[in-house]
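Please find below my notes on the model you sent. They take up the sheets, the nonpolar cores and the cavities in turn.

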Amino acid sequence: MFALSASLLVKEYAVYAKHSGIPEIKTVLGGFIIRRFLGLWTLITKSLGLVLAVASGMWLGKEGPLVHVACCCANLFIKLFPSINNNEARKREVLSAAAASGISVAFGSPIGGVLFSLEQLSYYFPDKTMWQSFVCAMTAAMVLEAFDPFRSGKLVMYQVTYSSVWHGFELVPFVLLGLLGGVYGGLFIKANMWVARWRKSATWLPGPVIQVVAVAILTALLNYPNNYMRAQCSDLVSNLFSECSKLTDDQFGLCKTGAASAGTIILLIFAAVLGFFLAAITFGLQIPAGIILPSMAIGALVGRAIGIIMEIWQHNHPNFIAFRSCEPDVPCITPGTYAIIGAAAALGGVTRMTVSIVVIMFELTGALTYVLPIMVAVMISKWVGDAFSRRGIYESWIHFNEYPYLDNSEEIPIPDIPASQIMTRIEDLVVLTATGHTIASLTAVMEQHPYRGFPVVSDPRDAILLGYISRAELAYILHASTQPPRLLPPETEAFFAHQPLADPRTTLDLRQWMDQTPLTLPRGSRLHLAVSYFQKLGLRYVMFVDRGVLQGLLTKKDVWYVLNGAEETRRTAGRGEPMGGGVAREGGDGEREGLLGVGRGEEEVEVVSPIGDGGSNLL
């Protein structure tokens, strides 16, 4: 019932409340606007849906979605400040700080939140933004501490402290945990993306709500027989992390006499395998769901199992050469520390983060002595995961959804070709001339072509570039000019260049609504330079000129397709246009298909539009 309610909330009120939201936040911070993704209804639906989804007992987490919730709160709050709300760059700085506060309250880790925003989310993170994120994350943690939600003095349920130290021989199992974490991350991403592609292509599958209910029933049937899977993920992780000498409520019997046995190890490994399967089919359903906590739980289960194996080995063979450094009458092996390191390795394998995971784990445990083992495990996990694929789980979902996100942090192989080879040439562009228009003819052009903006040239023969006008600006001024007080008739002359004899009362001058200095590059520029423009400046389009004459236009989506090798996808995206002929014009049907999945069982909503509905190309 909880899972069904959460899914219905998402379906009826805010389709963007599903999933974790982090892939979309990365795309927004990279320079795009996703309409209604950070709106009030999305915030309400995500908040209620997340409570229901977590309570349902499915294998999902709340930590990732809390970042989305924090960004929704920030987006609503900055509407009170027009100076920020009307500035896309300032807005993204605020969203970066909000994301840091989301992780801060999810893990009780303010510094980890700042590093998470820097390492995983933010496209542009200057020193000023880091300071703002630090203050925001610290304030969030202080407020949470004041509320004391668990009545235990802890910021999160699985916050633990360790008094034991580690020994040199334990680096071998720690390295093994790093290897297993990387293998888990690589296999999980492949499995999860395979399930996502299968859901997208299988037309016989029921609707998204029925899928959620079916997975919830399957989760209940598989969880109940295994004592470790029956409880909430946060309770499970808390017990797996705990040191036996400090555990007051041994809910799972991990610390009772005789618990260190082969039966316990088998149950832990079995729970981890089933958790892997359930998390792979749950992450991607139409329900608020994160992957951070399930990954930590799976890694902690395997880590605890290896810790128990080491404990049994040391107990049965105390004179083995590796165990001679152990002190007598003091527990030499602490299985809880293996769970912490296993959780960090699994999380690193899935998300490919490094520094922020180490700091989050340190802030969760307060064990400075375990920073080095966690660093070793996370580093090895990342190396092994990168051997499977360079993309983490969030980048994989960005690629799957075909969001136009150009990652400026990794070395993308860029073909050494002129940008003119992939741009939309002027012969295939819909351009507006400086004169010869009426309000009616411009309205007809917009009705006929769904593109998000139009280059403006002097005349068809010379094609001197005068500027660029976005669809939103043009639609607004055309509509406003036909309303009081101007009430211009549809046959009114409209122009984009200075007309000395025109009567301003009976004509429409569109120059002030046009970007008269759009960013341009010479026709012969290499693709590498154009990609740098898109990555460093957050552009959504750039035009190519030759001595002032317009030659063509290149959009962010064009570049995304080329760098991700998706030419076939673009050819068959449903536009029916030849390559080079308007293939990447913004706002066409192909954009909706690529970004929304219309026609595959999901309801259509108004979604992605590039920055610049207000006329701006730059962040």
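The numbered points that follow set out what I would keep in view when reading this model.

1. On conventions, this is a predicted model, in which local features need pLDDT of at least 70 and side-chain atom pairs count only at pLDDT 80 or more, whereas totals for chains, interfaces and linings use all residues. Residues are numbered from 1 along each chain as its sequence is written, and side-chain values use heavy atoms, with hydrogens and water left out.

2. One open sheet has three strands in the order β3-β5-β6, with mixed pairing; here helices (H or I, at least four residues) and strands (E, at least two) are DSSP runs numbered from the N terminus, and two strands pair if DSSP finds at least two bridges between them. Its edge strands, each pairing on one side only, are β3 (432-433) and β6 (465-470). Helix α20 (residues 471-481) packs on this sheet and touches β3, β5 and β6, contact meaning heavy atoms within 4.5 Å. The direction of α20 makes about 80° with that of β6, where axes are lines fitted to C-alpha atoms, for helices over the stretch in contact, and angles run from 0 to 180 degrees between N-to-C directions.

3. Within that sheet, β3 and β5 (residues 453-457) pair in the parallel sense over two bridges, and Leu 432 has Val 456 of β5 as its bridge partner.

4. A further open sheet, also with mixed pairing, has three strands in the order β4-β7-β8, with β4 (437-438) and β8 (508-509) at its edges. Strand β4 pairs with β7 (residues 493-495) in the antiparallel sense over two bridges, and His 437 stands opposite Ala 494 in β7.

5. The largest nonpolar core has 110 residues, and those with the most contacts inside it include Phe 107, Phe 241, Met 296 and Ile 374. Such a core is a set of buried Ala, Val, Leu, Ile, Met, Phe, Trp, Tyr and Cys residues joined through side-chain atoms within 4.5 Å, buried meaning under 20% relative accessible area (1.4 Å probe, protein chains only). Helix α14 (residues 292-316) gives the most to this core, with 12 residues.

6. Leaving aside residues up to four places away in sequence, Ile 374 touches Ile 340, Ile 341, Ala 344, Val 358 and Met 361. A second, separate core of 22 residues includes Leu 406, Leu 527, Phe 534 and Leu 554.

Technical notes: Buried means under 20% relative accessible area, exposed over 50%, partly exposed in between (1.4 Å probe, protein chains only).
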